[in-house]
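Before any bench work draws on a model, it helps to set out what its coordinates say about charged pairs, helix packing and surface character. The report below does this for one protein chain.

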Amino acid sequence: AAILDSDVSETGVRNPNMKVDTIHCVQTPWIRLLTEVYLSSNETAIMGEVLESTRLFEPLHSSEDQKFLLVEFAQIVEMFTERLSHLDVAKYSGNPELLDSVSDEFGDGLGYHYRAVEQIIAASVVLFA
């Protein structure tokens, strides 16, 4: 829930004004924790719990208000690709730390988005290996 609902207030309402990079700053350590504790586990009971989670894969008929982990991962990567398309690749290639100072309409630190994508890739490798 921390990965999927980091933009939800205490009243259960999503905050549409929250910056994307702020959300990624919160999501990244949770994705890493999910990967290292649950997805990397060799315990069949733990992996069974992960695979039976109702919020991992999107069912055919789902509520529009509910987010699903793999859909969220895909949307994060897709948005990152879009944000990168507006940058001079030569300036940032090999220097991802420079992304921390990049601001756009989505947020004030593209580096947070980059680190979220790094963790998503690591999680995906473990999940689908």
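What follows takes up the salt bridges, then the packing of two helices, and then a surface patch.

The model is a predicted one, and the structure holds four salt bridges. Side chains of opposite charge can pair when their charged atoms come close. The table gives three of these bridges, with the separation of the closest N and O atoms in each pair.

| Acidic residue | Basic residue | Closest N and O atoms |
|---|---|---|
| D21 | R83 | 2.7 Å |
| D104 | R83 | 2.8 Å |
| D100 | R115 | 3.0 Å |

Salt bridges link D21, R83 and D104 in a network. In the pair of D21 and R83, bridged at 2.7 Å, D21 belongs to helix α1 and R83 to helix α3 (residues 69-84), so that this contact ties together parts lying 62 residues apart in sequence. D21 is buried, its relative accessible area being 3%, and R83 is likewise buried, with a value of 2%. The other partner of R83 in the network is D104, which sits in the loop between α4 (89-92) and α5, so the bridge from this loop to helix α3 ties together parts that are 21 residues apart in sequence. D104 itself counts as partly exposed, at 22% relative accessibility, because the buried class is reserved for values under 20%.

The bridge between R115 and D100 joins helix α5, where R115 lies, to the loop between α4 and α5, where D100 lies, and it therefore ties together parts that are 15 residues apart in sequence. Both residues are partly exposed, R115 having a relative accessibility of 29% and D100 a relative accessible area of 37%.

Helix α5 (residues 110-128) also packs with α1, the two axes coming within 8 Å and crossing at roughly 25°. Since angles under 35 degrees count as roughly parallel, α1 and α5 are therefore described as roughly parallel to each other. Their crossing is left-handed.

Which residues form the nonpolar patch on the surface? The patch is made up of V26, W30, L33, V37 and Y38, which together have about 430 Å² of accessible area. One of these residues, V37, lies in helix α1 (residues 20-39), and its relative accessibility of 42% places V37 in the partly exposed class. Helix α1 thus holds both the partly exposed V37 and the buried D21.

Key:
Residues are numbered from 1 along each chain as its sequence is written. This is a predicted model: local features need pLDDT of at least 70, side-chain atom pairs count only at pLDDT 80 or more; totals for chains, interfaces and linings use all residues. Side-chain values use heavy atoms; hydrogens and water are left out. Patches are made of residues with over 30% relative accessible area and no salt bridge: like charges are joined within 9 Å, nonpolar side chains (Val, Leu, Ile, Met, Phe, Trp, Tyr) within 5 Å. Accessible areas come from the Shrake-Rupley method with a 1.4 Å probe; for residues, only the protein chains shown count as cover. A salt bridge is a side-chain nitrogen of Lys or Arg within 4 Å of a carboxyl oxygen of Asp or Glu. Helices (H or I, at least four residues) and strands (E, at least two) are DSSP runs, numbered from the N terminus. Buried means under 20% relative accessible area, exposed over 50%, partly exposed in between (1.4 Å probe, protein chains only). Axes are lines fitted to C-alpha atoms, for helices over the stretch in contact, and angles run from 0 to 180 degrees between N-to-C directions. Angles under 35 degrees count as roughly parallel, over 145 as roughly antiparallel, 65 to 115 as roughly perpendicular and the rest as oblique. A crossing is left-handed if the near helix is turned anticlockwise from the far one by less than a right angle, and right-handed if clockwise.
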